[in-house]
Amino acid sequence: MVALDANDLDAAIAHAARGERLDVDGGCLEDLWVVLAEAHSWRGDAEQAARYAEEVMAVAEPGGPAWCRAAVAGVMVAIDHGLVERIFAMMMAFGEVEPEE
């Protein structure tokens, strides 16, 4: 996460991919996928950003921090690449999240 915060996208991707290959437990894997989704999104790699965003959104608590970060990364890259169907799908996913009371 430090590399991502420092805008060192190559290092963020390399470190997160290494963690993913080490087959860490589910909680850490979710966080690594968020880093990968965000870093690929910032690099403009729509395919990889969407892949990792979808992985996170499939396992994370809807509306939780990891889910939201992944969703934003997915929307950003969809907007940048004009992927209207993906934007619509993401907006529908946002609409299904129940707000906390």
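**Stop 1: the H4–H5 pair.** Select helices H4 and H5 in this predicted model. H4 passes H5 in a left-handed crossing. The two helices pack at an angle of about 155°, and their axes are 8 Å apart. An angle over 145 degrees counts as roughly antiparallel, so H4 and H5 are roughly antiparallel to each other.

**Stop 2: the interface.** Which residues of H4 meet H5? Show side chains for Ala46, Ala49, Ala53, Val56 and Met57 in H4. Then add their partners in H5: Ala66, Trp67, Ala70, Ala71, Gly74 and Val77.

**Stop 3: Met57.** Center on Met57, which lies in helix H4, residues 46-59. Is Met57 buried or exposed? Met57 is buried, because its relative accessible area is 17%, and buried means under 20%. Now look for its contacts, leaving aside neighbours within four places in sequence. Met57 touches Trp67, Ala70, Ala71, Met90 and Ala93. Trp67, Ala70 and Ala71 are among the H5 residues at the helix interface. Draw a distance from Met57 to Ala70, C-alpha to C-alpha. The viewer line should span 6.7 Å, while the two residues are 13 apart in sequence.

**Stop 4: along H5.** Select residues 65-80, helix H5. How far apart are its end C-alpha atoms? They are 23 Å apart. With 16 residues at 1.5 Å a residue, H5 should span 22 Å, so the two values agree.

Next, color the buried residues of H5. They are Ala66, Trp67, Ala70, Ala71, Ala73, Gly74, Val75, Val77 and Ala78. Ala66, Trp67, Ala70, Ala71, Gly74 and Val77 also meet H4.

Step off the end of the helix. Just after H5 sits Gly82, with a positive phi of about 65°.

**Stop 5: the cysteines.** Select Cys28 and Cys68. How many disulfides does the structure hold? The count is 0. Cys28 is in no disulfide, and the nearest cysteine sulfur to it, that of Cys68, is 20 Å away. Why is Cys68 unpaired with Cys28? A disulfide needs sulfur atoms within 2.5 Å. The Cys68 sulfur is 20 Å from the closest cysteine sulfur, in Cys28, so the gap is too far for a bond.

Finish with a surface view of both cysteines. Cys28 is partly exposed, at a relative accessible area of 40%. Cys68 is partly exposed too, at 32%.

Notes:
Residues numbered from 1 in each chain as written. Predicted model: local features only at pLDDT ≥ 70, side-chain atom pairs only at ≥ 80, totals over all residues. Heavy atoms only, no water. Buried < 20%, exposed > 50% of the residue type's maximum accessible area, 1.4 Å probe, protein only. Helix = DSSP H or I, 4+ residues; strand = E, 2+ residues; numbered from the N terminus. Contact = heavy atoms within 4.5 Å. Expected span 1.5 Å × (residues − 1). Axes fitted to C-alpha atoms, helices over the stretch in contact; angles between N-to-C directions. Parallel < 35°, antiparallel > 145°, perpendicular 65-115°, else oblique. Left-handed = near helix turned anticlockwise from the far one by under 90°.
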